[in-house]
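The exercises below are meant to be worked with the sequence and the model side by side. Each task is followed by a solution that goes step by step.

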Amino acid sequence: MLAERAVQPQHKMDMRTSTKALQILVADDHDIIRRGLKQLLTSRPGWEVCAEAKTGREAVKLAEQLKPDVVVMDISMPELNGLEASRQIHKLLPKAGILILTLHFSDQLVRDIVEVGARAYIMKSDADRDLVSAVEALANRRTFFTARAADMLLNGFSRPVVGAQPQAISRNRITPREREIVQLLAEGKSSKEVAVALGISVKTAETHRANIMKKLELHSVSELVRYAVKNQIIEA
Amino acid sequence: MHRVLIVDDHAFIRRGVQAILQSFPEWEVCGEADNGTDAIRLTETLKPEAIIMDISMPGLNGIETTREIRKKHPEVKIVLLTLHETAELVRSAFRAGAQGYLLKVDAEQELVRALNIVIADGSYISPKIDGEVAKSVVTEVTEFKPVHKN
């Protein structure tokens, strides 16, 4: 599937010049936000919202099925957050442009966004002004970062930030798969529910859970929830 | 036909609210504001019957704006639209004079229901808010009602 996609002609430099409409997947857990985003996006001729997702997991599934050109993604979503969903979509569809749309700004978030493979980041407060420009940039294989993030990327991305270091280390102690499981457990799911959500056996889910608790030196679910909130895997 | 003013600092939320209301001809959007100060000014000039308003906005927030508007226009019905589910915020909203508390997560299904209830002089609290909290807030407001009336 991926190889076939690579030779399709619409993946030239400027997708707007091809006859096929730009296919956009919108992922946000709020219906009203998806409605608003859809209105803003489809007001542009040649842009189509091909699907909408309410969770990160749905977004990954739909992206795999529909192979959109651009994915507009919220971060805080149930089951699988937007960062982990972006990481998986980027792996499946390296050519898709991923735009992260969020209420929050932090230096760590900018690092995470770049790390998972997203190429655009805008704030919800600037969506009116920046959304169309950001999607346009992605359609043309360029990047688009909200002004504060662009400053941060230029000034200090390669330099280690003193305060952020310990957190960065603790985040890297667990794998992306384990982070996915942390989110599900922190949302109150049992090992059995985790197993169903991820299509793995209960035993594997339990092993993952034990490994996570050991690696992170956590002793209870409430400690795990605290870890998930502190590391922005879920929202408080 | 009822005239409604939409107040939210996020344009895509205003668009979303408009899109929902489009399929209900009994509701007409008479204006939009992206901050509390403009909302107060537009209430004066446009005289909406109802206002759908975000709580977190830069400058005057939705609760402060509600208080200001209700001081001058006790007849205007206000539904606050928010991401937050805390009991304290629900209480502040109703004490400031709002009649409706709608969560953004329910907006698609509940927006018109909330508007219809407040326009008929009722109180609306999102079903996701704890029932006990909702009951105590509504009771408190109903007891206060004579004070608010003219």
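**Exercise 1: an aromatic pair**

In this predicted model, the count of aromatic pairs over all chains comes to one. Identify the two rings, classify their geometry, and state which parts of the chain the pair ties together.

*Solution.* The pair is formed by Phe105(A) and Tyr121(A), whose ring centres lie 6.1 Å apart with 10° between the planes. Since planes under 30 degrees apart count as stacked, the pair is classed as stacked. Next, place the two residues: Phe105(A) belongs to the loop between strand 4 (97–102) and helix 5 (107–116) of chain A, whereas Tyr121(A) lies in strand 5 (residues 120–123) of chain A, so the pair ties together parts that are 16 residues apart in sequence. Finally, consider burial, for which the cut-off is under 20% relative accessible area: Phe105(A), at 18% relative accessibility, counts as buried, and Tyr121(A), at 0%, also counts as buried.

**Exercise 2: the sheet**

Determine the strand order of the open sheet in chain A, and then say which strands lie at its edges.

*Solution.* Six strands form the sheet in the order 2-1-3-4-5-6, and the pairing is parallel. The edge positions are taken by strand 2 (47–53) and strand 6 (144–145) of chain A, each of which pairs on one side only. Within the sheet, strand 4 and strand 5 of chain A pair in the parallel sense over four bridges, and Leu99(A) stands opposite Ala120(A) in strand 5 of chain A.

**Exercise 3: the nonpolar cores**

Which residues touch the most other members of the largest nonpolar core, and which element gives the core its largest share?

*Solution.* Of the 43 residues in this core, Val72(A) and Val135(A) touch the most other members, and the largest share, seven residues, comes from helix 6 (residues 127–139) of chain A. Leaving aside neighbours within four places in sequence, the contacts of Val72(A) include Ile24(A), Leu37(A), Leu99(A), Leu131(A) and Val135(A). A second, separate core of 31 residues has Leu25(A), Leu93(A), Ile100(A) and Val110(A) among its members.

**Exercise 4: confidence**

Which stretches of chain A have a pLDDT below 50 or under 50?

*Solution.* Chain A averages a pLDDT of 84, and 85% of the residues score at least 70. Over residues 1–16 of chain A, however, the pLDDT is below 50, although this stretch has 29 contacts in the model beyond near neighbours in sequence. The pLDDT also stays under 50 over residues 162–170 of chain A, for which the model has eight contacts beyond four places in sequence. Where pLDDT is low, the predicted coordinates should not be read in detail.

How values were computed. Residues are numbered from 1 along each chain as its sequence is written. Chains are lettered from A and ligands numbered from 1 in the order in which they are written. This is a predicted model: local features need pLDDT of at least 70, side-chain atom pairs count only at pLDDT 80 or more; totals for chains, interfaces and linings use all residues. Side-chain values use heavy atoms; hydrogens and water are left out. Rings of Phe, Tyr and Trp (its six-membered ring) pair if their centres lie within 6.5 Å; planes under 30 degrees apart count as stacked, over 60 as edge-to-face and the rest as tilted. Buried means under 20% relative accessible area, exposed over 50%, partly exposed in between (1.4 Å probe, protein chains only). pLDDT is the predictor's confidence in each residue, from 0 to 100. Contact means heavy atoms within 4.5 Å. A nonpolar core is a set of buried Ala, Val, Leu, Ile, Met, Phe, Trp, Tyr and Cys residues joined through side-chain atoms within 4.5 Å. Two strands pair if DSSP finds at least two bridges between them.
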